[in-house]
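Take a moment with the sequence and the model below. The text that follows walks through the fold one part at a time.

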Amino acid sequence: MEFEELYQDVILDHSRRPRNFCELPEADVHIHANNPMCGDDVTVHVKFGADEALEAVTFTGNGCSICMASASMMTQKLKKKSRAESTELMQKFHEMLTAEQEPEGDKRLGDLQLLKGVRKFPLRVKCATLAWHALQEALDKPQEKGAHLSIEDEM
């Protein structure tokens with residue numbers, strides 16, 4: 001199967017049947033993010049474990065296929081990861097989509113590497129990174145349990 005065909009299949013599968021697409025009432029933080037340029041609107045819900053690892057990561061909202069697929073794949077990849085590992089994977093994902101020169105593949109990203117084709121369409125990079133920006137907000141700032149944050153993605 002060609003890369004482009006696999007990319008399309010994975011994007012369509014995750015956008016039609018997103019994984020971890022649900023509320024998480026026991027979440028430690030809920031981060032709402034929207035991209036006013038295209039209408040993508042997601043809320044990422046994070047529950048931290050005793051060791052500060054991401055015990056559970058879910059999302060809700062509406063968006064284009066790329067936004068929904070990226071959020072779905074993100075929740076799968078980062079669940080049970082430490083804060084440090086999650087931050088590193090987020091940086092690698094962002095670099096894969098935005099670096100001037102396409103970086104070498106990073107096996108730690110797994111299926112997320114299928115989204116590298118988005119880099120050809122700069123306006124769609126915002127779609128692919130919206131949920132990631134929301135999660136970064138959760139990791140960067142200590143929150144009171146059950147905190148609700150909101151960001152507007154202008155990157």
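Is G49 buried or exposed? G49 is buried, with a relative accessible area of 12%. Keep in mind that this is a predicted model. G49 sits in the loop between β2 and β3. Its C-alpha atom lies 9.6 Å from that of D28, a residue 21 places away along the chain.

That loop leads into the sheet. Strands of a sheet pair through backbone hydrogen bonds, and the pairing can be parallel or antiparallel. Here four strands form an open sheet in the order β3-β2-β1-β4. The pairing is mixed. β3 and β4 are the edge strands, each pairing on one side only. From one strand to the next, the twist averages 20°. A helix, α4, packs on this sheet. α4 touches β1, β2, β3 and β4, and its direction makes about 35° with that of β2.

Now follow the strands one pair at a time. β1 and β2 run antiparallel, joined by seven bridges. Within this pair, N34 faces D41 of β2. Four residues lie between the two strands of the hairpin. G39, in that hairpin, has a positive phi near 95°.

β2 also pairs with β3. This pairing is antiparallel too, over eight bridges. Three of the matches can be traced residue by residue. V42 has G61 of β3 as its bridge partner. T43 is matched in β3 by T60. V44 stands opposite F59 of β3. The hairpin of β2 and β3 has five residues between its strands. There, E52 takes a positive phi near 70°.

How many of the nine residues of β2 are buried? Eight of them are, so β2 is largely enclosed by the rest of the structure.

Next comes the interior. In soluble globular proteins, nonpolar side chains tend to be buried together. The largest nonpolar core in this model has 43 residues. V46, L115 and L135 touch the most other members. The elements that each give two or more residues to this core are α1, β1, β2, β3, α2, α3, α4 and β4. Which element gives the largest share? α4 does, with 10 residues.

L135 shows how separate parts of the chain meet. Leave aside its neighbours within four places in sequence. L135 is then in contact with V44, V46, L54, M74, L78 and M90. Match these to the elements listed for the core. V44 and V46 fall in β2 (40–48), and L54 falls in β3 (54–62). M74 and L78 belong to α2 (65–78), while M90 belongs to α3 (83–98). L135 itself is in α4 (122–140).

Turn to α2. This helix has 14 residues. From its first C-alpha to its last, α2 reaches 20 Å, close to the 20 Å expected at 1.5 Å a residue. α2 is mostly covered, with 11 of its 14 residues buried. Among the buried ones are I66, C67, M68 and A69, as well as M74 and L78. After α2 comes K80, which has a positive phi near 75°.

C67 raises the matter of disulfides. A disulfide is a covalent bond between the sulfur atoms of two cysteines. How many disulfides does a search of the whole structure find? The search finds zero. For C67, the closest cysteine sulfur is in C64, at 5.4 Å, and that is too far for a bond. C127 is in no disulfide either. Its nearest cysteine sulfur is also that of C64, 3.7 Å away. The cut-off for a disulfide is 2.5 Å between sulfur atoms.

Are these two cysteines buried or exposed? C67 is buried, with a relative accessible area of 1%. C127 is buried as well, at 4%.

Notes
Residues numbered from 1 in each chain as written. Predicted model: local features only at pLDDT ≥ 70, side-chain atom pairs only at ≥ 80, totals over all residues. Heavy atoms only, no water. Core = buried A, V, L, I, M, F, W, Y, C linked by side-chain atoms within 4.5 Å. Buried < 20%, exposed > 50% of the residue type's maximum accessible area, 1.4 Å probe, protein only. Contact = heavy atoms within 4.5 Å. Expected span 1.5 Å × (residues − 1). Pairing = 2+ DSSP bridges. Axes fitted to C-alpha atoms, helices over the stretch in contact; angles between N-to-C directions.
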